[in-house]
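Trainee: Got a minute to go through a model with me? I'd like to start with the strands.
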Amino acid sequence: MDQVGAGVYQVADNPKQKPESPDKGGARILDDNLLMRQRRQKAQELKEAGVPLFPNNHRPRDLIAELKTQYDRLDGDRLEAMDDMKFSIAGRIMAIRSFGKAAFIKLQDRSGSLQCHLERDRIGAERYGLFKKLDVGDIIGVKGSLFRTRTQELTLRVDSWNLVTKSYRSLPEKFHGLTDVEQRYRQRYLDLIMNQETRDTFQARSTIVATIRNFLMNKGFLEVETPMMQIIPGGAAARPFETYHNALDMHLYLRVAPELYLKRLVVGGLERVFELNRNFRNEGISIRHNPEFTMLEFYQSYASYEDLIPITEEMFCACAKAVKGVTKFTYQDREIDLTPPWRNLDFRSSLLEIGGVPPSVLFDVDKAVGLARELGAAVRPGEGLGKALAKIFDALVEPELWQPTFITGYPLDISPLSRTNDLDVEIVDRFEFFIAGREMGNGFSELNDPDDQLGRFREQAVAREAGDDEAQFMDLDYVRALEYGMPPTAGEGVGIDRLTMLLTDQPSIREVILFPLLRPEQA
């Protein structure tokens, strides 16, 4: 903000009585109460002076970013020559610097921020006196012309202003901002006000979703919506959330995946479908997991999992270019290169080459279970070789897959919805792909043999009875749908939250979910 001389730079309320340190017990609450009383007093004074506190009649004509794009290249003389050209913007006051008869404010709208200059002689003594009752955090509308200050900062010379919304609470102190991580998640609205990086992250997320939607629609995919509440949850190995419908007197589940409903649509002749929506899994919370998360699932008839590999590479590159403009970038101080083709490695080979697993472990269930337990994985009694190897993979291989890598040839017993490989009945036609040491998506050739699918469901039912609460439920209607005939189909799921983490350089999933799940706030 421009500096013209000695003045008061108000970035937070400045009561005459200096507030106590926030570190002294309940001092922060006492300070907030004092500041709110002061703000409400000023609000009352404005109201008594005839200034509406919450009007709904201001319609700004201009966005700050557009003004900067069009006029930031002009010098001061050219701007002065167009003094009769007036602009109208609205936004939140982020800072005030007063100089007696004049003041600078920083105004922030959804597109950016701009310095504005108010002079008593220009707007009138009465309006200037009322302006001085405004606080940082108030939302106002201003009209005026553009000029450059002595430091050449593009500035709006205000001819008139009006209050749009009175703010009763103080914003965090400017120079440190909102830095408490938990407060940022709980009060995301405040995080968005104070932190440009947060706004950029969620603008990028919106760009990613729009890019994926356009990408798939341009390839002939139809966007659909399937039930969030399901009688039988299916499509993923996960523990569901349960709920209850009073009118129908029945238990329901929040979906863990839309897969089985999307494939019902393929049976119905919708040969290319996709859904961008929420899934719910009753699992732990970590920097990679939130119980409510966003997934893309898409299905293409007359295709195999191998056909999805180039589509995946192309789609990820499109997202990277839309957000970053490039396909090679840095994530958490390490380079990522999305340029196709990505590495392709067999599941068993990855355990040998990357995980350093002895070859004998790959075909011996006792040795595999023993190694998995040595690595700290929980292996339930009766779990097969494939599950043990998958847990070894999670511990030894996945963290090492930094550059984009497809892993293929997954074991049959951890892939109940995938088509069995024609050459090796112990594996399925499936891939998972990994970037930056974490799984980003999962794709496979769909199992469309109804008898085989029924047998797999029965095996899952046995596992559930044995205590595996992530085993899939028996879904006889889905089997019935397959009996009508589903064409050969390939499908894929991609985690939107993890993709956003990758393209915004965020280490935690909570940074890319507007309102992540948290424990109730303690009083």
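Mentor: We'll take the strands, then a charged patch.

Mentor: This is a predicted model: local features need pLDDT of at least 70, side-chain atom pairs count only at pLDDT 80 or more, and totals for chains, interfaces and linings use all residues. Residues are numbered from 1 along each chain as its sequence is written, and side-chain values use heavy atoms, with hydrogens and water left out.

Trainee: What does β3 pair with?
Mentor: β2 (residues 87-98) joins β3 through six bridges, running antiparallel. β3 also pairs with β4 (residues 112-119), in the antiparallel sense, over eight bridges. Strands here are DSSP runs of E, at least two residues, numbered from the N terminus. Two strands pair if DSSP finds at least two bridges between them.

Trainee: Which residues stand opposite each other there?
Mentor: Ile96 is opposite Ile105 in β3. Lys106 is opposite Gln115 in β4.

Trainee: How many residues sit between the strands of each hairpin?
Mentor: The β2 and β3 hairpin has three, and Gly100 takes a positive phi near 80° in it. The β3 and β4 hairpin has two.

Trainee: Is β3 largely enclosed or open?
Mentor: Largely enclosed by the rest of the structure, because seven of its eight residues (102-109) are buried. Buried means under 20% relative accessible area, exposed over 50%, partly exposed in between (1.4 Å probe, protein chains only).

Trainee: Switching sheets. What's the order in the one with eight strands?
Mentor: β7-β11-β12-β19-β18-β17-β16-β15, an open sheet with mixed pairing. β7 (222-223) and β15 (343-346) are at the edges with a single partner strand each, so one side of each has no neighbour in the sheet.

Trainee: And how many bridges join β11 to β12?
Mentor: Nine, between β11 (residues 272-280) and β12 (residues 292-301), running antiparallel. Asn277 is opposite Met295 in β12.

Trainee: How is the three-strand sheet ordered?
Mentor: β8-β10-β9, open, with antiparallel pairing. β8 (229-230) and β9 (242-245) are the edges; each has a single partner strand, so one side of each lacks a neighbour in the sheet. Two bridges join β8 to β10 (residues 250-254). The partner of Met229 in β10 is Leu254.

Trainee: Now charge. Which residues form the negative patch?
Mentor: Glu197, Asp200, Asp333 and Asp505, on the surface. Patch residues have over 30% relative accessible area and no salt bridge, and like charges are joined within 9 Å. A salt bridge is a side-chain nitrogen of Lys or Arg within 4 Å of a carboxyl oxygen of Asp or Glu.

Trainee: Where is Asp333?
Mentor: In the loop between β13 (328-331) and β14 (334-337). Asp333 counts as exposed because its relative accessibility is 75%.

Methods. Helices (H or I, at least four residues) and strands (E, at least two) are DSSP runs, numbered from the N terminus. Patches are made of residues with over 30% relative accessible area and no salt bridge: like charges are joined within 9 Å, nonpolar side chains (Val, Leu, Ile, Met, Phe, Trp, Tyr) within 5 Å. Accessible areas come from the Shrake-Rupley method with a 1.4 Å probe; for residues, only the protein chains shown count as cover. Lys and Arg count as positive and Asp and Glu as negative; His and the chain ends are not counted. The place of a charge is taken as NZ of Lys, CZ of Arg, CG of Asp or CD of Glu.
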